[in-house]
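Me: I would like to go through some of the labels attached to this model and hear the reasoning behind each one.

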Amino acid sequence: MVLERAAEDEEKWLAEGIAAIQQNAFYMHRALDANNLREALKYSALMLSELRTSNLSPHKYYDLYMRAFDELRRLEMFFKDESRHGVSIVDLYELVQHAGNILPRLYLLCTVGSVYIKSKEAPAKDILKDLVEMCRGVQHPIRGLFLRSYLSQVSRDKLPDIGSEYEGDGDTVMDAVEFVLQNFTEMNKLWVRLQHQSQGPGRIREKREKERSELRDLVGKNLHVLSQIEGVDLGIYKETVLPGVLEQVVNCKDDLAQYYLMECLIQVFPDEYHLQTLEALLGSCSQLQPTVDIKILLSQLMERLSNYAASSPDVLPEFLQVEAFAKLSSAIWKVIDAHAEMPVVGAISLYVSLLTFTLRVHPDRLDYVDQILGACVKKLSGKPKLEDRRATKQIVALLSAPIEKYNDVVRALTLPNYPRVMEYLDSSTNKQMAMVIIQSIMKNNTCIREADKVEVLFELIEGLVKDVEGIAVDELDEEDFNEEQNSVARLIHMLFNDDPEEMLKIICAVQKHIMGGGPKRLPFTVPPLVFSALRLVRRLQSQDGEVVGEELPATPRKLFQLLNQIIEALSSVPFPELALRLYLQCAEAAGDCDLEPVAYEFFTQAFVLYEEEVADSKAQVTAIHLIIGSLQRMSVFGVENRDTLTHKATGYSAKLLKKPDQCRAVYACSHLFWVDDQEGIKDGERVLLCLKRALRIANAAQQMASVTRGSTGPVTLFVEILNKYLYFFEKGNPQVTSSAIQSLVELIKNEMQSDSTTQDPASDTFFASTVRYIQYQTEKGGVMGERYEPIKV
């Protein structure tokens, strides 16, 4: 209620003040129009007397001040025209000093003083010095601040400066600097004094402190004016401006003023000035009040210097000359040590700013980068994993900066303290950072070529390749989990070295880390590792045997032993279908290396998995066709081994659950006994046995369909078998004769004409296409045409 009542009273006082200003301004305008100087001064003084009020907050006082300011601009125009009032500017300057009240008197004096300087009838420095000294007569904080703000406003375009019309005749840039510095000093004292009026109950104190904060721009404008003076070069700034400002900042002992003025100082003056005066600027930071948020000031300073360094390569030698990194890092260590109570997020934000600065100024100094990371580790030592989201966000920024700068994770992997910082991240943020690392590798197509760096890399992304303590895999979001594991799989393909020995070490390093990934991760991570090893095998096909004296001899035999261990872990998870596919891939690679025992062993493992682990009927069909296809492409096996394997394959084909699946698998087995590019594998009789067996199974399937559904199924299986007959007929298999084909064609026709056969347009089209093919071969003539001629369709 107290605050509400005070606000109502304030509105009333403001309205009354504005009304009084408007009324006196009206009479002042009449006097100006009549060129009556005395009346104009009288009513302008009455108008300005309204600014003597102490009943308004700074915000409301500003509204009142602006009303008076607008009127003073018109009065100034009148003072400039001596022909209208008939009084010399010197006499006018004396005349306004007779105003009855000090506040109106000083506003009028500043207004006339502005005209006096412009007339050049006296040195600008004398008038400015007189005005800035006279304003000391008003010591009320709010009234004094606005008065001096007015002085600054009317004089800023009349300061002696290089190229200015007011320079010369003894007026120098130093006069302008001294004037602005003195006005700044007095304004800051008035502003700081306001803190003593901020005492009282909680809400009232907060309100007054907020009002005091709103006045800060009045003080800060002086620093802006200083920065705009052309004649303020580095020498003047270093010898006069900076010491004067810092002295006032340190001595005022007010945390609000110190923070704001340091912020202004950093923002308004040129970057190169900060660089050349870095020691003095940083030294003052340690003298500020303990409650001043120094970390933000230092962060702002480093951000400006970082941007300056990035603006042009030509400025980088300046940073080296002044040893900027040493000075900044020393200042930050001191600040963090002196403020033991500083939150972790604050300290880390300083490290992030310093690291950003370092990467721009000293991109080649990895020791500087690691030094910053080491300082972060020191700050975090003895603390548990970070749970503060702001702190973890800063850690991610700290770790991401080197990766983003270098676009090369390999350089980050050489930093000893990099993984030590990651240890303090919670599991979810650790995985987030791991994804950032992997994405950088993929984006920049970075190839990791050393086993020791692979070790470091997988330690960094450990949260992705192993279960995190306390978090079950089942609790993770499936979509996110799959994305993470696919990223790890892609990463494995980016690990490569032309040297076989080093590549084998890389493969072993990856194996060590991913084997503990658990049953949900292995199906993602094992296949890329297997294919990475197989790629190395292909490069080593000409080698075999052991290399004496080598710790890890990279030979195909050694790699196949390793692959067997890797896939065995996957098959026991269990993921038998995937393991079976990988065994077959390894078997083919072993065959290409002419390692028959190894290839046979891999096939044996595949058959064992098929027998013991693959239970789903659809999976069995897929698996047996994969086995048949792989075996058909193998040329390494001797007669005995090949017979054993083909016998197993045909046996399993005939034992599939569904008759159509049996039929297709059995006629696929016919290709195991007739391989075009292998002279020793052309057994026409066994091909025919497979085809006849497939035909019997197809008949059985038709009969079973007739019994269960009352009608036989479509003739698709017969047409498929017919196509196999034609294939081997053209390949020259003497056991596949034209009469056998003719009989099969007649059988299909009879089946299609049977009332019990289910009509299927696809089967009819398939058979029609096959018939057209036979006719085409017959009509084409030549040797093949003669062979096809006995077949009548």
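Me: At what angle do helix H3 and helix H6 pack, and how far apart are their axes?

Reply: This is a predicted model. In it, helix H3 (residues 58-80) packs against helix H6 (residues 102-119) at about 40°, and their axes are 10 Å apart.

Me: Why are H3 and H6 called oblique to each other?

Reply: Angles under 35 degrees count as roughly parallel, and the roughly perpendicular range is 65 to 115. The angle here is about 40°, and H3 and H6 are therefore oblique. Their crossing is right-handed.

Me: Which residues make the contact of H3 with H6?

Reply: From H3 the contact takes Tyr61, Tyr65, Leu72, Leu75, Glu76, Phe79 and Lys80. From H6 it takes Leu103, Tyr107, Leu108, Thr111, Val112, Ser114, Val115 and Lys118. By class, the contact residues are 10 nonpolar, 2 polar and 3 charged.

Me: How many disulfides does a search of the whole structure find?

Reply: The search finds 0.

Me: Why is Cys135 not bonded to Cys110?

Reply: A disulfide needs two cysteine sulfur atoms within 2.5 Å. The closest cysteine sulfur to that of Cys135 belongs to Cys110 and is 4.1 Å away, so it is too far for a bond.

Me: And what rules out a bond for Cys264?

Reply: Its closest cysteine sulfur, in Cys252, is 13 Å from the sulfur of Cys264, which is too far for a bond.

Me: What makes Cys135 and Cys264 count as buried?

Reply: Buried means under 20% relative accessible area. Cys135 has 1% and is therefore buried. Cys264 has 9%, so Cys264 is buried too.

Me: Is Ser155 in helix H8 buried or exposed, and how do you know?

Reply: Ser155 lies in H8 (residues 141-155). Its relative accessible area is 4%, so against the cut-off of 20% Ser155 is buried. Leaving out residues up to four places away in sequence, Ser155 touches Leu128 and Phe179.

Me: Why is Leu536 called buried?

Reply: The relative accessibility of Leu536 is 1%, and the limit is under 20%, so Leu536 counts as buried. Leu536 is part of helix H29 (residues 522-539).

Me: What does Leu536 touch, not counting residues up to four places away in sequence?

Reply: Leu536 touches Pro500, Met503, Leu504, Ile507 and Leu559.

Me: What separates the C-alpha atoms of Leu536 and Asp499?

Reply: They are 9.7 Å apart, with Leu536 and Asp499 being 37 residues apart along the chain.

Notes. Residues numbered from 1 in each chain as written. Predicted model: local features only at pLDDT ≥ 70, side-chain atom pairs only at ≥ 80, totals over all residues. Heavy atoms only, no water. Buried < 20%, exposed > 50% of the residue type's maximum accessible area, 1.4 Å probe, protein only. Axes fitted to C-alpha atoms, helices over the stretch in contact; angles between N-to-C directions. Helix = DSSP H or I, 4+ residues; strand = E, 2+ residues; numbered from the N terminus. Parallel < 35°, antiparallel > 145°, perpendicular 65-115°, else oblique. Left-handed = near helix turned anticlockwise from the far one by under 90°. Contact = heavy atoms within 4.5 Å. Nonpolar A, V, L, I, M, F, W, Y, C, P; charged D, E, K, R; others polar.
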